[in-house]
Amino acid sequence: MKKQIFNPYLPSYEYIPDGEPHVFGDRLYIYGSHDRFGGTDYCMNDYVCWSAPIEDLSDWRYEGIIYQKTQHPYSIGRNLLFAPDVVQGADGRYYLYYSIADSGIMSVAVCDTPAGAYQYYGDVHDKSGHVAGSSRGDFFQFDPGVFLDEDGRIFLFSGFCPGRLEDVQGRKFVGCHMCELEKDMVTIKKGPKIILDREIPCPEERRYFEAPSLRKFRGNYYLIYSVRIGGLHYYISDQPDGGYVYGGRIHSTSDVGINGHSVENPAYPNGNTHGSLVEILGNYYIFDHRLTSHSSYCRQGVAEQVWIEEDGRICQVEATSCGLNGKPLLGIGTYPAYIACTLIDRNHYITKEEEQKNGICITQEGEDRECEPGQFVQNIRENCLIGYKYFSFKENTKISFCVRGKALGKIRVKTTEEGEIETEIALNIENTEWKTVTGMCAVRGEKSGLYLEFIGTGSFDLLEIAFY
C-alpha cells in the first residue's frame, strides 16, 4: 500500500452499498447501488463506479456516473436503481444487470469499458419474448448475481424472500433462483430453477433473504447471500447450478456470531447487508456495507480479508477499522473518528424518534455531496462504547480527541470491549466548535484495540483521534 486505508474504504461522503467487486484487467471495480445522505428510501442516487489498482487497494479512483435512472426506458413504481452486478461477456463488452425498484424484472445495460457510460440493452426474457417476472406466477426478479463460468456458460441468480409468498401482482417469492442465459446475455436458455428453496427447513439465523452472488475459487462455487439480519453467509458446491451445501457466515458488520455478539447484542447497529468475495493477487476479500445516521438509507462499503481453508471452508472474520490495510493501523498520527467498527449504545429510548435524536451514530452535516467535509461520531454519552480495531502502538505517549458539545466527566480508554481501563482523560467542554483535549496514553501492543467510553454528564461529538 502506498498509504494506509481503513473502513469505510471509500471517502466518508460516499454511500455505496451492495458492493459487487470485480477485477477487470489490472483494476478492481466496485459496482453497487447508491444511497443519498438524508435520503428517504434506498438507492436514491444514480449508479457510480470506483476502482483501484490491484497492486494498491488504498488508491481508489472515482470513475463517475455510469448509469442514470432516467436512462431506463419506462417508469415503474419508485423508479430507483437497486443493487446491480456486472460481467464481461464473451464479446468483450460489459453487461450491467439491475432491477428497478418494484419492477420484479431484471434489466440489462451494456458498455465497451468497465466504467464507461452504460446504455440500456433490454430486459431478461425467455425465447418467446416473455419478460421474466412480468406476469402473475413468475418468480420475482430481485438482486442480480451474474456469473460467467470458465466453459462460457452464463448464469443469472436472483431472488427476494420476505415473509409473504407473493407480491400484489401475484409474482412468487420462492427463495434464490437461477437461469442460464444465451450468448446474447439477455435471453433465458434454461430455467428459472430454484436453488435455495424457501420451504426447506432451515434455522432462521441462516435463512436466505436476498443478495445472491456466485463466485468460483479453487474449483468450488460459492453462493454468497444475505440473511435478514446477521451478515453475509455462503453455500458451496462443485457445480454452478445445484448441489449447494450450507457453509457458514463470512462476515457481519455488527460482528453477529463472533466475539460474543448476536442479533440482540450487536457490536454495531444492525442493518441489511449485501456483498461478495473477490480474489486479488492470491488473497481473498469480502465486500459488505454498514448503515450510518440511524438509517438503512445511508449505507457505506466496508471490506475485510478472508481466508479459504484447504477443504474450501471460509471462517467468519470480524469487522475491523483497518479492513483492506492488511495489518493494524499505525499507532501514531491522526485518524477520523468515523472509522469506528464498534458502536454500542446501552441507553434506553422510548421511541424511535428519541433514539434518532439522542442516540449515538456516525453521521455528517449538510446535504448529500461528492466532497468533504467528512463524518463524525455524534451523541456520545454515558453507556456508549466506541471501538477501533486494530492499531499497532509502539512509541506514542499522548492521545487527543477533537470534540464538541456540552459534557463534564472522563473519557476512559480500553484495549478490549470488556477489558480494564488503561487511561482516563478529563473532559470539560461547552462549545459548538471543535476543540482538542489531550491526555497521556500508555497503550502498547502490536495488535491492539482501542475502545472509548464516557463517564459523566451531557454528550459530545467526536471528529478525530490523534496519537503522538
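A salt bridge is a side-chain nitrogen of Lys or Arg within 4 Å of a carboxyl oxygen of Asp or Glu. The legends below describe a predicted model, in which local features need pLDDT of at least 70, side-chain atom pairs count only at pLDDT 80 or more, and totals for chains, interfaces and linings use all residues. Residues are numbered from 1 along each chain as its sequence is written, and side-chain values use heavy atoms, with hydrogens and water left out.

**View 1. The salt bridge of Lys-389 and Asp-255.** The closest N and O atoms of this pair are 3.1 Å apart. Lys-389 is in strand E25 (residues 384-393), while Asp-255 is in the loop between strand E16 (245-251) and strand E17 (276-280). The pair links distant parts of the chain, 134 residues apart. Strands (E, at least two residues) and helices (H or I, at least four) are DSSP runs, numbered from the N terminus. Lys-389 counts as buried at 3% relative accessibility, and Asp-255 counts as buried at 2%. Buried means under 20% relative accessible area, exposed over 50%, and partly exposed in between (1.4 Å probe, protein chains only).

**View 2. The salt bridge of Asp-46 and Lys-69.** The two side chains meet at 3.4 Å, N to O. Asp-46 lies in the loop between strand E2 (27-31) and strand E3 (47-53), and Lys-69 in the loop between strand E4 (61-67) and strand E5 (85-88), so the pair ties together parts that are 23 residues apart in sequence. Asp-46 is buried, with a relative accessible area of 17%.

**View 3. The salt bridge of Lys-406 and Glu-430.** Here the N to O distance is 3.9 Å. Lys-406 lies in strand E26 (residues 398-414) and Glu-430 in strand E27 (residues 421-440), so this salt bridge ties together parts 24 residues apart in sequence. Both Lys-406 and Glu-430 are exposed. Elsewhere, a network of salt bridges links Asp-18, Asp-35 and Arg-299. The count of salt bridges in the model comes to 25.

**View 4. The largest nonpolar core.** A nonpolar core is a set of buried Ala, Val, Leu, Ile, Met, Phe, Trp, Tyr and Cys residues joined through side-chain atoms within 4.5 Å. This one has 38 residues, of which Val-377, Tyr-388, Phe-401, Leu-450, Leu-452 and Leu-462 touch the most other members. Two or more residues each come from strand E24 (376-380), E25, E26, E27 and strand E28 (445-467). E28 gives the largest share, seven residues. Leaving aside neighbours within four places in sequence, Val-377 is in contact (heavy atoms within 4.5 Å) with residues including Ala-337, Ile-360, Tyr-388 and Leu-462. Apart from this core lies another, of 19 residues, among them Ile-5, Ile-16, Val-48 and Leu-324. In soluble globular proteins, nonpolar side chains tend to be buried together.

**View 5. The surroundings of Ser-321.** Ser-321 lies in the loop between strand E19 (295-306) and strand E20 (329-330). At 0% relative accessibility, Ser-321 counts as buried. A polar atom of the Ser-321 side chain lies 2.7 Å from the backbone oxygen of Ile-339. Not counting residues up to four places away in sequence, Ser-321 touches eight-residue surroundings that include Phe-6, Asn-7, Tyr-388 and Lys-389.

Methods: Polar contact = N/O pair within 3.5 Å; in protein donor to acceptor, adjacent residues only side chain to side chain.
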